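Below are some notes on the model, written for a colleague who has it open. They take up a cavity and then the ligand site.

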Amino acid sequence: MAVIALKCPKIEVVVVDIFEPRIIAWNSDQLPIYEPGLDDVVKQCRGKNLFFSKDVEKHVAEADIVFVSVNTPTKTQGLGAGKAADLTYWESAARMIADVSKSDKIVVEKSTVPVKTAEAIEKILTHNSKGINFQILSNPEFLAEGTAIQDLFKPDRVLIGGRETPEGQKAIQALKDVYAHWVPAERIICTNLWSAELSKLAANAFLAQRISSVNAMSALCEATGADVSQVSHAIGKDTRIGPKFLNASVGFGGSCFQKDILNLVYICECNGLTEVANYWKQVVQVNEYQKTRFVNRVVSSMFNTVSGKKIAILGFAFKKDTGDTRETPAIGVCQGLLGDKAILSIYDPQVPQEQIQRDLSMHKSELDKPPHLRPVSPIAIEQVTCVRDAYEATKGAHGICVLTEWDEFKTLDYQKIYNDMQKPAFVFDGRNVMDVDKLRQIGFIVYSIGKPLDAWLKDMPAVA
Ligand code: UDX
């Protein structure tokens, strides 16, 4: 919304939220989320044509276009628990819009929602419309965290789905006109409602599938002596495959990939498409496998036990340049290590201690997780400390796990770190960002995902 305000000075944008502290934060110097470049955009427009308010009903009543960006988490209970999207927030937003509206409106679905939600929302709005005309559009967001502002400035495409009626087409045109302020016309794709909704789930499923594919290859590389980075480079040169999203890692995280795939699986199952559902489910299962594999490597390398050993965790966010920890692979890895009674010292440049504690003690609904990736007890949490820099985290540690690819981890003084660690000193690089040769020269035993194994690791096979 801030980018719309910046690019369309004549449009007044009001962001509303029922949670007052968040609105206060948006109106302060300390924005409630960390996103490079966002501060700048907000500062340029706030108070001019960008406003933040808790007065939800007033501003919805006055608006011509309402973007609904409420969260659509995975249901934790009841029908479809663990897979289906929870539309409670969406439904109450739709009922509120219907209640307060006195003029015709375009309602834009911005949250990731399962296919055909728009139809349900349309029903709520039209059954409560009091003669008001509501047009529903689906306008899924493809930005990635950490690069959100750049992604919004130069999107690969903007997708707008709407009804194929004259009113629907008019609404599509109105939203197209907003984006046309800065997005070239050929990058604005217009489809029917269902195609737009499904495209969002499909895009995330395809992206996550690439990561699981390369991660599956990484296991085979370790077993055979191939190097996954060389394999990625070689296959990425095929223009049909392309080079992006082929970095092997300890697993993908983030608020979207897993949730959207599980949602896709649920929709397939509801439509009787068991084979299709199983195909996509496997993308999530390989992601779990990758985290388990990593934990097993750590434990087996250290003489099959990490009990009582200090392990430094460098990075907790699901990727660099964000403080977001939703579905971060670090949760599974830390829980796995705590399950083996390790003592963890965690450093992340952006994630606060309370968040880490909360993440490590939460109860997940996925019951099919392997036992050592299940939530840890409050006692285990006492074995976790969060520290303010990487040197403190690694001091006296037996091993280091790099779980987020923060740039600052590449330039640390590893000789100093090595000198202050227990020996043998281990580095487990879950992001393939370390200078492995340099670390080995210093004396570290290094494990990098999908890379030829150190002689030490070959002698200590990880059993799944
Ligand atoms: C994703 C989609 O990219 C975006 O289009 C959609 O709108 C929301 O979901 P985001 O979750 O912000 O965006 O992060 P993304 O950059 O896609 O990374 C997701 C996860 O995959 C991260 O944990 C990242 O570290 C991991 N990843 C990414 C890999 O492990 N390997 C890669 O090659 C790329």
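**Notes on the second largest cavity and the ligand shell**

1. About 40 Å³ of space lies in the second largest cavity, a volume being the space filled by probe spheres set on grid points joined across faces, edges and corners. The structure is a predicted model, in which local features need pLDDT of at least 70 and side-chain atom pairs count only at pLDDT 80 or more, while totals for chains, interfaces and linings use all residues. Residues are numbered from 1 along each chain as its sequence is written, and side-chain values use heavy atoms, with hydrogens and water left out.

2. The structure holds three cavities of 30 Å³ or more (a cavity is a set of points, on a 1 Å grid over the protein atoms alone, where a 1.4 Å probe fits but cannot get out; lining residues have an atom within 4 Å of a point). The lining of the second largest one includes E109, S138, N139 and K200, and helix 9 gives the most to this lining, with three residues.

3. Helix 9 (residues 193–224) also gives the most to the shell around the ligand, with four residues. Among the 20 residues around the ligand, those that come nearest are F142, E145, S249, K319 and R431 (a residue is near if one of its heavy atoms lies within 4 Å).

4. Backbone atoms approach ligand oxygen atoms in several places: a polar backbone atom of E145 is 2.7 Å from one, a backbone N or O atom of F318 lies at 2.8 Å, and a polar backbone atom of L143 is at 2.9 Å.

Key:
Polar contact = N/O pair within 3.5 Å; in protein donor to acceptor, adjacent residues only side chain to side chain. Helix = DSSP H or I, 4+ residues; strand = E, 2+ residues; numbered from the N terminus. 1 Å grid on protein atoms, 1.4 Å probe; cavity = no way out; pocket = protein on both sides within 12 Å on 5 of 7 lines; lining within 4 Å.
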